[in-house]
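Welcome! Here is a short tour of one helix pair and a few residues with notable backbone angles. Please have a look at the model below.

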Amino acid sequence: MWLLFALASSVFAALTSILAKIGIEGVNSTLATAIRTFVVLLMSWGMVFITNTQGGIMEISKRSWVFLILSGLATGASWLFYYKALQIGEASRVVPIDKLSVVITLILAAVVLHEQFTPKSIAGCVLIGLGTLLMVL
């Protein structure tokens, strides 16, 4: 089931890039990011209430709160930089560079989470890196 969700995520991420590129024309990228974030906030909390999971908020540990907040800050920074890059650059060049996050995530997973690299994951990282270079040069 995770594969289906991951594929759906990639389709919506692609739509996000194209719709954002069209939507930010003539709009300050920071303002555009704030508008997008507001919509995501409404949608996220709407899903919390639709699924009746709001009661779980009291069960979240302090450690989880800290890391969820840090993740939110990283997301905000990522979106701000992404929207600025998308506003001044071509989507077909910005998006592949943004997707280098896959390579960076695998490296951080190894360093921080002590996840193991496999020959397949190393080859994938190299190919993603080469593919990104090929697409943006």
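In which helix is serine 29 found? Serine 29 is found in helix H2, where helices are DSSP runs of H or I with at least four residues, numbered from the N terminus. This is a predicted model, in which local features need pLDDT of at least 70, side-chain atom pairs count only at pLDDT 80 or more, and totals for chains, interfaces and linings use all residues. Residues are numbered from 1 along each chain as its sequence is written, and side-chain values use heavy atoms, with hydrogens and water left out.

Let's start with the helix pair. The axes (lines fitted to C-alpha atoms over the stretch in contact, with angles from 0 to 180 degrees between N-to-C directions) of H2 (residues 29-50) and H3 (residues 62-88) come within 9 Å and cross at roughly 130°. That makes H2 oblique to H3; oblique covers whatever is not under 35, over 145 or 65 to 115 degrees.

Contact means heavy atoms within 4.5 Å. On the H2 side, the residues meeting H3 include Ser29, Arg36 and Val40, and their partners in H3 include Trp79 and Tyr83. Serine 29 itself touches Tyr83, Lys84 and Gln87, leaving aside residues up to four places away in sequence. Serine 29 is also buried, at 4% relative accessible area (buried is under 20%, exposed over 50%, with a 1.4 Å probe and protein chains only).

Now for two loop residues. Most residues other than glycine have a negative phi, yet these two have positive values:

| Residue | Phi | Loop | Relative accessibility |
|---|---|---|---|
| Asparagine 52 | about 55° | between H2 and H3 | 57%, exposed |
| Histidine 114 | near 60° | between H5 (101-112) and H6 (119-136) | 60%, exposed |

Terms used. Helices (H or I, at least four residues) and strands (E, at least two) are DSSP runs, numbered from the N terminus.
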